[in-house]
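Visitor: Could you walk me through this one, a few questions at a time?

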Amino acid sequence: MNFGFNEEQELLRSTARKFLENECPSEVVRKLMDTPEGMTPALWGKLAEQGWLGLITPEAYDGMGLGLVDLVVLMEEMGRAVVPGPYFSTVLLGGLGILEAGTEAQKKEWLPKIAAGEKRVTLAWMEPSAQLGPEGVTLAAAEKGGTFTLSGTKLFVPDAHTADAVVVAARTGKPGAEGISLFLVPKGAKGLAVTLLPTMDQTRKLCEVTLKDVAVGGDAVLGATGSGWKALSRVLDRATVALCAEMCGGAQKVLDMTVEYAKIRQAFGRPIGSFQGVKHKAADMLVDVENSKSITYYAAWAMDEGVAEGPLAASMAKAYVSDAYRKVSAAGIQLHGGIGFTWEHDLHLYFKRAKGSEFTFGDATYHRERVAQLVNL
Amino acid sequence: MDFTLTPEQQSFRDEVRDWLRKNLPRGWVERLREGSDVPRPEAYEFLRGWQRKMYDAGFVGLTWPKEYGGRGLTFMEELILAEEMALQKAPPVLNILAIGMAGPTIINYGTEEQKKRYPAKMLSCEEIWCQGYSEPNAGSDLASLQTRAVKDGEYYVINGQKVWTSLAHVADWMMLLARTDPDAPKHKGITYFLLDMKLPGITVKPLKQITGDPEFNEVYFDNVRVHESEILGGLNNGWAVGLATLMYERLALGFGLQVRLRIALDGLVELARNTKKNGASVSKDPVLRQKLAQLWIETEVFKYTGARAITKLLKGELPGPEASTGKMMWVEGHQHLQELAMEIEGPFSQLMRGSQWAMADGLWQHTFLRSRANSIEGGTTEIQKNIIGERVLGLPKG
């Protein structure tokens, strides 16, 4: 057993931290989050140069061919820097969606371009019902003579306004998991409308995507019709683990900021960190952060190795980390006092990211129930 | 990152699994009214025999050097053993204070004579150890201890009192911290003695706990004469030696506690499945189901945080922040678990063993009450948080 990172992974961590400190410090984050895109072409190009856009893309499609454990390292650093923009949606939703569901031809066409930073793809999965299971997918795709006509509304679609294509989960058959297919709908398709929504976490851009009689050919189906949910659940489990890693990185940064502040901030003639009321809260934060990492790392390994309890591990991680990041980021504000509540201080970026991430891919309550089902409670 | 076992580790696991399957005493949980952590007094003789059996099979003291009765294996084997014991719900090791604390400290600080004399008999449970640290006026503030040891020729004469001393009434030896230099600063005048509990002048008075059991004791010393060869780690060096013991305690507890938490959780799930509420099994109740799942998750998280610490140990590194959180996390998890058992039983949680209406034979009432001590014994949660705040996070002392 070796529950740690290897030298290459540690190198990736230090490279990523340095890169993001230089290229995406909080002044840049704040500029980016004020723009609709949340990203500049220049920074996106640099992410591609680092190889990060194709980190988990197989080498056959011009990627680095690394695994989720490697990606976890990078995601922790991304979360530490609260990097805005479509990295997550491109790599873990659209890109992974094509990799998991697409035909060889579709993969050959899209994955190298995604890795090179030339194309961005996102995933439209949830609908206004906000249901997480297969029953939540109701957007209709009617077939007639080899052409599919898609109609319906998708919600909480990240970065759809800047994507070159959207993977849309739609219903081609009866209710249930078997009736779901994934379609690759290109930007500008007739009847496709994207509206950017104002979000609490400005670093995350979420959209409403409406499809009104959008007609696509059979070649737009990713893989085979009816196989959509199977691929989608594999994508979502991996994306969930990657999100947990991003949350771990953010929580660690909040802890670091808080400890530094508690050492220098004076009250009643001594540093506030010397008061047990502050010290004990900081200790609780450390416990939350370290435990979050443990279960996230394990889930990443389990997904990479394809062990049977991979999905269980992913749900355990999301349940634990959702609560932990929320608690840690709130405690960070509390221990900073008034300054922590200002727009000027960076803490709110983390607090808002924690809140948004909590409800992405299911909150703690949803995942606890999933754990209960998976362990046969 | 790799969680798979090497062929050698697999064969060790098979050896443990096979042995436990053949030798596990059936129904011991019910017999001992013991669901989770510390055994009840009437179980001591049974547990002494069980440890002896495990020792004879080579499963006690895995990481100790062969010359002192151990097997010279790594923490990986210790982890495998702990997991197998949890899976098969094996009884705990009775002489845990010796195995987890006194033994490693003696192996690290002892003279060659001491190392030959003590460790092997700890493993076989021939000699049970207790820990003479806390006093009526020195608990969390341990360095304020007042028990005196005054030199008289080759001997030290001990006078004073210890309290909350688990196992003292059956112990053969005690790890004793006593003040040898009252004029030195409080951390610098303490010496660590290995004390024979049969010496004249020692009185052990059992203390009845909130469980009704006399599990811990007061220990009085009235002119007890200890030979100077029983000093461990040098005169007035007791604070450093004592802290090392506590460090080993945390390490040892990590393995043992994981096992006990897993066993208790499995028991709780059984209880939830077998208890009906509004006509359905409690494990199907949406609210209690959330709580059960949360405990399940916390138990797994505890295991993986431990695994990260062990990985560092196996690489020869010192455990990092993840290691210091173990005790606290276990306490929280275990107390939640016991509270949840009471919640599942509902009004029946009021009934003790002996009532025909008591659920699960009244097993959980005892462990629930016992769990209140978890956040006090072995360093209170408040002290653990001070340690994490100061030593791990580097926050200033109060």
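What follows is a short round of questions and answers.

Guide: This is a predicted model, where local features need pLDDT of at least 70, side-chain atom pairs count only at pLDDT 80 or more, and totals for chains, interfaces and linings use all residues. Residues are numbered from 1 along each chain as its sequence is written, with chains lettered from A and ligands numbered from 1 in the order in which they are written.

Visitor: How do the axes of α7(A) and α9(A) run, roughly parallel or roughly perpendicular?
Guide: Helix α7 (residues 228-264) and helix α9 (residues 310-336), both of chain A, have axes that come within 8 Å and cross at roughly 25°. Axes here are lines fitted to C-alpha atoms, for helices over the stretch in contact, with angles from 0 to 180 degrees between N-to-C directions; helices (H or I, at least four residues) and strands (E, at least two) are DSSP runs numbered from the N terminus. Angles under 35 degrees count as roughly parallel, over 145 as roughly antiparallel, 65 to 115 as roughly perpendicular and the rest as oblique. So the pair α7(A) and α9(A) is roughly parallel.

Visitor: And how many nonpolar residues are in the contact of α7(A) with α9(A)?
Guide: Ala, Val, Leu, Ile, Met, Phe, Trp, Tyr, Cys and Pro count as nonpolar, Asp, Glu, Lys and Arg as charged, and the others, Gly among them, as polar. On that split the contact has 7 polar and 2 charged residues, and its nonpolar count is 18.

Visitor: Which element gives the most residues to the largest nonpolar core?
Guide: A nonpolar core is a set of buried Ala, Val, Leu, Ile, Met, Phe, Trp, Tyr and Cys residues joined through C-beta atoms within 7 Å. The largest has 235 residues, and Val168(A), Phe183(A), Ala299(A) and Trp129(B) touch the most other members. With 19 residues, the top contributor to this core is α7(A).

Visitor: Which element gives the largest share of the side of chain B that touches chain A?
Guide: Contact means C-beta atoms, placed from the backbone, within 7 Å, and 36 residues of chain B are in contact with 37 residues of chain A. On the chain B side, the elements giving two or more residues are α9 (286-314), α10 (321-324), α11 (326-345) and α13 (381-392). The largest share, 14 residues, comes from α9(B).

Visitor: How do α11(A) and α9(B) lie, roughly parallel or roughly perpendicular?
Guide: The axes of helix α11 (residues 364-374) of chain A and α9(B) come within 8 Å and cross at roughly 80°. That makes the two helices α11(A) and α9(B) roughly perpendicular. Among the residues making the contact are Arg368(A) and Glu369(A) of α11(A) and Arg289(B) and Trp296(B) of α9(B). By class, it has 6 nonpolar and 3 polar residues, and the charged ones number 3.

Visitor: Is Phe156(A) buried or exposed?
Guide: Phe156(A) sits in strand β3 (residues 147-158) of chain A, and its phi is near 55°, a positive value in a residue other than glycine. A residue is buried if 20 or more other C-beta atoms lie within 10 Å of its own, exposed if 12 or fewer, and partly exposed in between, with C-beta atoms placed from the backbone. Because Phe156(A) has 21 C-beta neighbours inside 10 Å, it counts as buried.

Note on methods:
Two residues are in contact if their C-beta atoms, placed from the backbone, lie within 7 Å.
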